[in-house]
Amino acid sequence: MKMSRRAKRMEQHHKRSRSLAELNMISLMDIFTILVFFLLVNSSDVEILPSVKSVKLPESVAEKSPKQTVVIVVNDQDILVQGRKVASVTEVFNSEGELIAALKTELDYQKSRDTSARKAGATGHEITIMGDKEIPYRLLKRIMVTCVRANYDNISLAVIKKTPV
C-alpha cells in the first residue's frame, strides 16, 4: 500500500523523536568543577581572630559573627595592634590623661592603610578589641577612648561564644 505524504512525514517525525537525548558529560563536568572551586573560595567568609594563649576571652551568647577589622589584643602585659606591640600596660597606667598616644599613632597608621574604607567613603572605621577577661576596666576604657579619638566609631569586643544551656 502506498503511503501519503502526510503519513511519510509523520513516520519520519516519529523516528526522529524516538532517539534518546544525550548528555554532554564534558560540559557537565566543567560546570561542577567551576562550582566546586567557587564553593571552596567562598566558604571562608568568617574572620579568624588571632589565637593568643595569654588572652582568655570572656564568654557570651552573642549571635553576630565578627567582621574583617583592625584587631587590638590586650593582655596583662602588652597592647598589640594587628600583632605589633604598641605599648605596655604598665606604661599606660603610669601615663597621664585618657589618651594612649602610641596606640593612637598606630591606629592612625592602620586607618591610612585601609583602602577599602576610603573607596566606600566611610567616615568611621570598625575595630575589634580582644581583651583578656581579667584586664581592669579603666584600661579598657582608655583603649576605647583612644579608638574613638582615632575615628574608630564602631568598636566590637571579641568574646567566646557560650553554648546555650
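## Salt bridges, a buried leucine and helix 6

Lys111 and Asp108 sit 3 residues apart in helix 4, so about one helical turn separates them. Salt bridges with shared partners tie Lys104, Asp108 and Lys111 into one network. Keep in mind that this is a predicted model. The points below start with the whole chain, then go through the charged pairs, Leu107, helix 6, and a hairpin and a loop.

**The chain as a whole**

- The chain has 165 residues, and 25% of them count as buried.
- It contains 6 helices and 7 strands, and their order along the sequence reads α-α-β-β-β-β-α-α-α-β-α-β-β.
- Take the contacts between residues at least 6 apart in sequence: 69% of those join residues at least 24 apart.
- The accessible surface adds up to about 12,700 Å², with 57% of that belonging to carbon and sulfur atoms.

**Salt bridges**

- How many salt bridges does the structure hold? There are 4 of them.
- As a reminder of the basic idea, side chains of opposite charge can pair when their charged atoms come close.
- In the Lys111–Asp108 pair, the closest N and O atoms are 3.8 Å apart, which falls inside the cut-off because a salt bridge needs the nitrogen within 4 Å of a carboxyl oxygen.
- Both of these partners are partly exposed, Lys111 at 22% relative accessibility and Asp108 at 28%.
- The side chains of Glu106 and Arg84 also form a salt bridge, at 3.2 Å from N to O. This one links distant parts of the chain: Glu106 belongs to helix 4 (residues 101-113) and Arg84 to strand 4 (residues 84-88), 22 residues apart.
- Glu106 is buried, at 7% relative accessibility, whereas Arg84 is partly exposed, with a relative accessible area of 43%.
- Asp78 and Lys85 bring their side chains together in a salt bridge too, with 3.3 Å from N to O.
- Is each of these two partners buried or exposed? Asp78 counts as buried at 18% relative accessibility, because the cut-off for buried is under 20%. Lys85, with a relative accessible area of 54%, is exposed.

**Leu107 in helix 4**

- Helix 4 is also where you'll find Leu107, which is buried with a relative accessible area of 0%.
- Which residues does Leu107 touch, once you leave aside neighbours within four places in sequence? The contacts are Val70, Ile72, Val81, Ile127, Thr146, Cys147, Ala150 and Tyr152.
- One of those contacts is Ile127; the C-alpha atoms of Leu107 and Ile127 are 9.5 Å apart, with their positions 20 residues apart along the chain.

**Helix 6**

- Helix 6 (residues 137-149) has 13 residues and runs 18 Å from its first C-alpha to its last, close to the 18 Å expected at 1.5 Å a residue.
- Its buried residues are Leu139, Leu140, Arg142, Ile143, Thr146 and Cys147. Because they cover an arc of only 160° around the axis, they lie on the same side of helix 6.
- The background here is that an α-helix has 3.6 residues a turn, so residues three or four places apart point the same way.
- What sits on the other side of helix 6? Tyr137, Arg138 and Arg149 are there, and they are exposed.
- The buried residues of helix 6 pack against several elements, including strand 2 (70-74), strand 3 (78-81), helix 3 (89-94) and helix 4. Strand 5 (126-131) and strand 6 (154-157) are also among them.
- After helix 6 comes Asn151, with a positive phi near 70°.

**A hairpin and a loop**

- Strand 3 and strand 4 pair in the antiparallel sense, over 4 bridges.
- Lys85, met above in a salt bridge with Asp78, is the bridge partner of Leu80 in strand 4.
- The hairpin of these strands has 2 residues between them, and Gln82 takes a positive phi near 55° there.
- The loop between helix 3 and helix 4 holds Gly97, which is partly exposed with a relative accessible area of 46%.
- Gly97 and Arg142 are 45 residues apart along the chain, with 8.7 Å between their C-alpha atoms. Arg142 is one of the buried residues of helix 6.

Note on methods: Residues are numbered from 1 along each chain as its sequence is written. This is a predicted model: local features need pLDDT of at least 70, side-chain atom pairs count only at pLDDT 80 or more; totals for chains, interfaces and linings use all residues. Side-chain values use heavy atoms; hydrogens and water are left out. Buried means under 20% relative accessible area, exposed over 50%, partly exposed in between (1.4 Å probe, protein chains only). Contact means heavy atoms within 4.5 Å. Accessible areas come from the Shrake-Rupley method with a 1.4 Å probe; for residues, only the protein chains shown count as cover. The expected span of a helix is 1.5 Å times one less than its number of residues. The arc is that of the directions from the helix axis to the C-beta atoms. Two strands pair if DSSP finds at least two bridges between them.
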